[in-house]
Amino acid sequence: MTNKFSIVTVNYNDKKGLEKTVQSVINQSFGDYEFLIIDGGSNDGSQEVLIKYADRIKYISEADNGIYHAMNKGIKMATGAYILFLNSGDTLNDNNVLQQVNYEIDGSKDLYFGDILFQERTKTRKITSPDVLTFNFFFTENLPHQASFIKKELFTSIFYYNEEFKIVSDWEFLIYSVCKANITYKHLPIIVSLYDGTGLSSDPNNYVMMYAERDVVLQKHFPAFLSDYAKISLFKQRRVKQFLRIKERPLGWEILKVFMKILLLFIPKKNRNDETTY
């Protein structure tokens, strides 16, 4: 029997995060899923977690060539109709999430995606994805893979994740699938997961690399839009560099935070993606 969902977790030397992720999955009230853990040959005790839950999961533990190589391994192992990537440290929002998602997914769409709670060091923000996906949205944003249920057959009909990239392969897959391959999709009004905001793509120090990789993607798939994107990415890179320079100076950083707090007092709140704070 084919499972409806394949949940794929990639892990490398994150024993604590792995345990947290596993607990959030195996305690689900809905049981029609398989749970695949792709470990990169961890040596921090993660092996103990894999052995501990061996009767509830399928796993491999071996050296790999990076996160997207590991994710591709998970795709090839998966037997479910839809794949959810829930990386080590990320958790499903509650024990009934998969039951809620199952109720909404009837198999007619190529992609179903919900919302997430983005866990930063000092606060948690709700990030709501749009009902309608556009090139303009992907130009600067992305869907969280922790809340995206992707039909497995898309990876064979379109392409697997590009293992040469460090950050943007999931973005490449989605922007191509939605904006060029015209796949069908549906936004689910469900908070699917809590996203651990300490990952590679969330680190401001990696933004320059991210925009450089996005440039390669746009040159390859959307060359007519590259000049517009270059202007936006250049602006963002400059702002990121300025931000990092200020953050290196404690006094300047404190002044900036005070200034932003004062400024926000005079700006009315809008109903945007990430403005609900918990």
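Q: In which sense do strand 6 and strand 7 pair, parallel or antiparallel?
A: This is a predicted model. Strand 6 covers residues 111-119, and strand 7 covers residues 124-127. The two form a hairpin with four residues between them. Four bridges join them, and the sense is antiparallel.

Q: Which residue of strand 7 stands opposite isoleucine 116?
A: Strand 6 and strand 7 pair over four bridges. Isoleucine 116 faces another isoleucine across this pairing. That partner in strand 7 is isoleucine 127.

Q: How many bridges join strand 6 to strand 9?
A: Strand 9 spans residues 185-196. Strand 6 pairs with strand 9 in the parallel sense. Tyrosine 112 stands opposite lysine 186 in strand 9. The number of bridges between strand 6 and strand 9 is eight.

Q: Which residue of strand 8 stands opposite tyrosine 112?
A: Strand 8 runs over residues 148-151. Strand 6 and strand 8 are antiparallel, with three bridges between them. Opposite tyrosine 112 in strand 8 is phenylalanine 149.

Q: How many of the nine residues of strand 6 are buried?
A: A residue counts as buried when its relative accessible area is under 20%. Strand 6 is largely enclosed by the rest of the structure, because nearly its whole length passes that cut-off. The buried count, out of nine residues, is eight.

Q: What handedness does the unit of strand 2, helix 2 and strand 3 have?
A: Strand 2 (residues 33-39) and strand 3 (residues 58-61) pair in the parallel sense over four bridges. Isoleucine 37 has tyrosine 59 of strand 3 as its bridge partner. Helix 2, residues 46-52, belongs to the β-α-β unit with these strands. The unit is right-handed.

Q: Which elements are included in what covers the buried residues of helix 1?
A: Helix 1 has buried residues at Gly17, Leu18, Thr21, Val22, Ser24, Val25 and Ile26. Their cover includes strands as well as a helix. Among the covering elements are strand 1, strand 2, helix 2 and strand 5.

Q: What span should helix 1 have at 1.5 Å a residue?
A: Helix 1 has twelve residues, 15-26. The expected span uses one less than the number of residues. The end C-alpha atoms are 16 Å apart, which agrees with the expected 16 Å.

Q: On what arc around the axis do the buried residues of helix 8 lie?
A: The buried residues of helix 8 are Met210, Tyr211, Glu213, Arg214, Val217, Leu218 and His221. They sit on the same side of helix 8, because the arc they cover is only 160°.

Q: Why do residues three or four places apart in a helix point the same way?
A: The answer lies in the geometry of the turn. Residues at that spacing point the same way because an α-helix has, per turn, 3.6 residues.

Q: How many of the eleven residues of helix 7 are buried?
A: Helix 7 covers residues 169-179 and is mostly covered. Its buried residues include Trp171, Phe173, Leu174 and Ile175. Asp170 and Glu172 are on the buried list too. The buried count is nine.

Q: Which residues does valine 101 touch, leaving out those up to four places away in sequence?
A: Valine 101 is in helix 4, residues 97-104. Valine 101 is buried, with a relative accessible area of 0%. Its C-alpha atom is separated by 9.7 Å from that of isoleucine 191, 90 residues apart along the chain. The residues touched are Phe5, Phe149, Leu188, Ile190 and Val192.

Q: Is asparagine 182 buried or exposed?
A: Asparagine 182 lies in the loop between helix 7 and strand 9. Its phi is positive, near 55°, in a residue other than glycine. The cut-off for exposed is over 50% relative accessible area. At 57%, asparagine 182 is exposed.

Q: What relative accessible area does asparagine 13 have?
A: Asparagine 13 is in the loop between strand 1 and helix 1. Its phi is positive, about 55°, although it is not a glycine. Asparagine 13 is partly exposed, and its relative accessible area is 29%.

Q: What percentage of the residues of the chain count as buried?
A: The chain has ten helices and ten strands. Its accessible surface comes to about 14,600 Å², with 53% belonging to carbon and sulfur atoms. Of the 278 residues, the buried share is 45%.

Terms used
Residues are numbered from 1 along each chain as its sequence is written. This is a predicted model: local features need pLDDT of at least 70, side-chain atom pairs count only at pLDDT 80 or more; totals for chains, interfaces and linings use all residues. Side-chain values use heavy atoms; hydrogens and water are left out. Buried means under 20% relative accessible area, exposed over 50%, partly exposed in between (1.4 Å probe, protein chains only). The arc is that of the directions from the helix axis to the C-beta atoms. Accessible areas come from the Shrake-Rupley method with a 1.4 Å probe; for residues, only the protein chains shown count as cover. Two strands pair if DSSP finds at least two bridges between them. A crossover is right-handed if, with the strands pointing away from the viewer, the path from the first strand over the helix to the second runs clockwise. Contact means heavy atoms within 4.5 Å.
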